[in-house]
Structures are given as C-alpha cells and as structure tokens.
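Colleague: I should like a close look at one part of this model, the place where the ligand is held. Please explain it as you would to a first-year student.

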Amino acid sequence: MKVLTVVGARPQFVKAAVVSRAIAAMSREGAAIDEIIVHTGQHYDANMSEVFFEEMRIPRPQHNLDIHEGTHGAMTGRMLERLEAVMAGEKPDVVLVYGDTNSTLAGAIAAAKLDLPLAHVEAGLRSFRRDMPEEINRMVTDQMSQWLFCPTATAVVNLAAEGFPTPEGEGGARTFRGSRVRLVGDVMLDAVRYYRKTATPGPVVTEVLRSTGGRFALATVHRAENTDDPVRLEAIVGGLEQIAREIPVVFPVHPRTRKIVVQRGLATGAVRVLEPVGYFDMLVLLDRCAAVLTDSGGLQKEAFFFGKPCITLRDETEWTELVAAGVNRLAGADRGRIVDGFRAMTGGELPLAPALYGDGHAGERVVAELAAR
Ligand code: UD1
C-alpha cells in the first residue's frame with residue numbers, strides 16, 4: 001500500500017510524526033506500506049518546520065512545494081495545482097491529511113478530484129464559526145474523506161449531526177463516497193507520551209528556566225481572529241502584561257503575531273517574548289509552567305496532558321470537553337477575564353479529569369484501519 005501524506009504547517013508535523021512512526025513500525029513487522037511525504041511549504045522558517053523534522057525524526061519529504069504567502073485562495077490554489085500533479089505521478093492508494101490548515105484543504109480537494117481515497121486525521125472538530133478559515137477547511141475536508149479519524153467523542157457526535165455514519169456504521173444517509181467514521185483518540189497524546197521522555201531544552205529555554213527559577217506562565221497567540229483585530233490583540237497583550245506583574249510570562253511568538261506585535265509596538269513590557277520554539281522546548285515549557293494562556297488548539301490539549309490549567313484566548317473552542325472538565329476556561333480577548341481566569345485557575349487544585357483523548361495509541365489505529373482497507 002502506498003500512502004501519500006500532505007503536511008505544511010507546524011501542528012501537522014507533530015501529528016504526522018506519530019503516524020509515520022506507526023507506518024514504519026508496521027512495515028518492519030512485514031506489512032508492505034510505503035509512505036510518500038509532501039511538504040507544501042506553508043510553514044518554512046527553520047524553527048517552524050525543520051526543527052520538527054529533526055527532533056521528531058520525521059522522514060524527509062520526497063516533495064517540497066515551497067508554497068507560502070498570498071491570500072488564502074491564492075495559497076490554496078497554488079497548492080492544489082501542484083498537489084494534483086504530484087498525486088497523479090505517485091498514484092497513491094490513500095492520501096492522508098491532518099487538521100484544518102490550507103494545506104489540509106488543498107490535499108483533500110486534490111485527492112477528491114483524482115478520485116483517490118482520502119483519510120482525515122482530526123476529523124469532526126467544529127467551532128461552529130464559519131468566519132474561521134480553519135472551520136471551512138475542516139468541513140470541506142470531512143466531506144471529501146472516506147476515513148474520518150476522530151480524536152474525541154464530541155467529534156463523532158458533530159459528524160453524526162451532519163449526517164455522517166457513527167463508528168458503528170449507523171445513519172450516514174447524506175454522506176459522500178462511503179465515509180467511515182472511527183474514534184481513534186488523539187495523535188497529539190501519542191506524541192507527548194513518546195517524546196516527553198527524551199525532550200531536553202535548548203539554550204534559550206534553559207536560560208528561561210534559570211532566569212525565572214522555573215516559575216512562569218506560558219502564552220501563545222496566532223489565530224487570525226486575534227492577530228488581525230487590533231482591539232482583541234491589544235486586550236490580550238494587555239492581559240498578559242498584567243499577569244506578568246505577578247509571574248513571568250514566557251511568550252514564544254508565531255511569525256504572524258510577531259509581525260503585528262512589532263508593527264503596533266505591543267509587548268514591550270514585562271512579557272518575555274521568544275522566537276517560536278521547537279517541539280522539545282515546548283514540551284519542557286509545558287512540563288514546568290504554572291499555566292498556559294493560548295488560542296492554539298494543540299496547546300490546549302497539551303496543557304491538559306501535562307496537568308496544567310489552560311486559559312483559552314478565544315470565545316469558543318473545538319475541545320469543549322476540556323471546558324466541561326473544568327481544566328480549561330474560555331476568556332475570549334477580554335483583559336479582565338484573562339487575568340481573572342488566570343488567577344482562578346492557578347489558585348487551587350485542578351479537578352481530576354477523565355482520559356478524554358484515548359490511550360496514546362491513536363497512530364497505530366489509524367494505520368491498522370488503512371492497512372485493513
Ligand atoms: C496556520 C493555519 C492554522 C494553524 C497555524 C499553526 C491556515 C488557514 N491556518 O496559520 O490553522 O493553527 O498555521 O501555526 O492554514 N510565516 C512565516 N514563517 C513561517 C510560517 C509563516 O513568516 O514559517 C508567516 C507567513 O508568511 C504569513 C504568516 O506567518 O505572513 C501566517 O502564516 P500562514 O501559513 O498563512 O498561517 P498561520 O497563521 O501560520
């Protein structure tokens with residue numbers, strides 16, 4: 001079997017690392033599975049891309065399309081054209097896409113147009129906000145997919161509500177191309193379990209740990225809804241600066257956010273601004289921080305995996321089970337709610353939460369399902 005994996009943005013490298021490792025393990029056990037990796041180039045800075053391939057030992061992509069920048073339509077269109085040519089040449093048995101980025105969308109449409117079976121890892125997530133680019137990307141991708149690998153029970157429920165079959169095969173009257181919904185768990189939990197044992201900090205994070213005495217809050221911001229709205233971004237940075245009077249705030253800044261933060265002269269105060277950090281550095285920061293403040297989907301879950309409270313800098317989240325469990329609080333882009341949320345969530349013990357994201361073997365399940373097709 002030949003699997004063609006499409007990646008392009010930072011969170012996809014983490015997810016693909018898990019499944020690639022599972023493919024390699026199954027091949028060693030005698031299953032004949034070849035993986036071809038295509039990197040669209042959406043994320044291209046060394047600390048947004050290369051460092052993940054190195055640290056997580058992801059096989060080198062066979063195709064690097066070097067497509068980034070431009071409007072969403074232009075970026076996606078260029079990817080679609082190139083991906084179609086690569087897929088037509090490689091003739092894979094299945095195309096594998098992850099998450100909800102423009103690279104995911106382009107991979108999904110290219111596969112569907114060539115009538116190639118498509119598998120979507122992290123299917124079924126919904127924010128119920130169609131003004132988010134990620135929501136459009138995930139909804140279209142799910143519609144095109146034969147395999148919808150869900151990380152959570154909530155994702156399965158979302159798909160069932162849209163007319164997809166359940167994992168037991170019930171319902172599904174309205175779906176396209178015989179979709180199979182499978183609850184496999186979250187590959188990001190697999191990644192944390194596997195890599196946390198060996199993650200060591202680089203020089204920047206080592207210095208952060210030393211200078212803060214290991215007492216700090218960890219913040220990240222990159223969503224368009226926050227970075228592209230000056231009122232929201234100012235409120236968030238204001239909230240972080242207020243928290244930084246109580247505890248050091250460490251803020252690895254995504255390039256999108258950096259451009260705007262620098263332009264607007266924000267975060268010049270107590271907040272400790274860093275370049276984007278690699279996966280190992282992030283695992284160390286998660287392990288040592290007092291709390292996470294973020295608008296990232298992945299980091300909300302990683303906070304939970306490390307038993308850390310999360311204050312989410314959005315008005316809603318796809319990971320609703322974390323809010324229900326009392327370990328994640330939505331603070332929007334409201335300075336008062338961010339500061340209050342931080343104080344409330346770090347003031348006492350976190351409630352014990354159930355295992356919401358599977359058992360750390362999601363990657364193996366994905367590969368087993370594909371191999372049994
Ligand atoms: C993308 C995804 C988002 C995901 C995020 C993870 C879409 C629509 N959005 O958003 O869902 O959560 O990745 O990080 O696909 N840039 C650099 N260097 C890089 C990468 C980006 O300078 O290595 C710059 C780009 O040139 C652009 C900006 O950052 O100006 C935004 O990059 P883009 O890929 O458009 O989207 P993200 O904000 O990263």
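Which helices each supply at least two residues of the shell around the ligand?

Modeller: This is a predicted model, in which local features need pLDDT of at least 70 and side-chain atom pairs count only at pLDDT 80 or more, while totals for chains, interfaces and linings use all residues. Residues are numbered from 1 along each chain as its sequence is written, and side-chain values use heavy atoms, with hydrogens and water left out.

Helix 3 (72-90), helix 5 (133-144) and helix 11 (255-263) each contribute at least two residues to that shell. Helices (H or I, at least four residues) and strands (E, at least two) are DSSP runs, numbered from the N terminus. The shell holds 21 residues, and the closest are Gln42, His43, Asn102, Glu134 and Arg256; a residue is near the ligand if one of its heavy atoms lies within 4 Å of it. Sorted by class, the shell has seven nonpolar, eight polar and six charged residues. Here Ala, Val, Leu, Ile, Met, Phe, Trp, Tyr, Cys and Pro count as nonpolar, Asp, Glu, Lys and Arg as charged, and the others, Gly among them, as polar.

Several side chains reach oxygen atoms of the ligand through polar contacts, which are pairs of N or O atoms within 3.5 Å. A polar side-chain atom of His43 lies 2.6 Å from a ligand oxygen. For Tyr44, the corresponding distance is 2.9 Å. The side chain of Lys259 has an N or O atom 2.9 Å from an oxygen atom of the ligand. The protein covers 90% of the 750 Å² of accessible area that the ligand has on its own, as computed by the Shrake-Rupley method with a 1.4 Å probe.

Helix 3 leads from the shell to a sheet. Seven strands form this open sheet in the order 3-2-1-4-5-6-7, and their pairing is parallel; two strands pair if DSSP finds at least two bridges between them. At the edges stand strand 3 (63-64) and strand 7 (180-183), each of which pairs on one side only. Strand 7 is joined by four bridges to strand 6 (residues 147-150), and the two run parallel. Within this pair, Trp147 stands opposite Arg180 of strand 7. Helix 3 packs on the sheet and touches strand 1 (2-7), strand 2 (34-39), strand 3 and strand 4 (94-98), where contact means heavy atoms within 4.5 Å. The direction of helix 3 makes about 165 degrees with that of strand 1. Such axes are lines fitted to C-alpha atoms, for helices over the stretch in contact, and angles run from 0 to 180 degrees between N-to-C directions. Helix 3 therefore both packs on this sheet and supplies residues to the shell around the ligand.

Key: A polar contact is a pair of N or O atoms within 3.5 Å; within protein, one must be able to donate a hydrogen and the other to accept it, and residues adjacent in sequence count only if both atoms are side-chain atoms.
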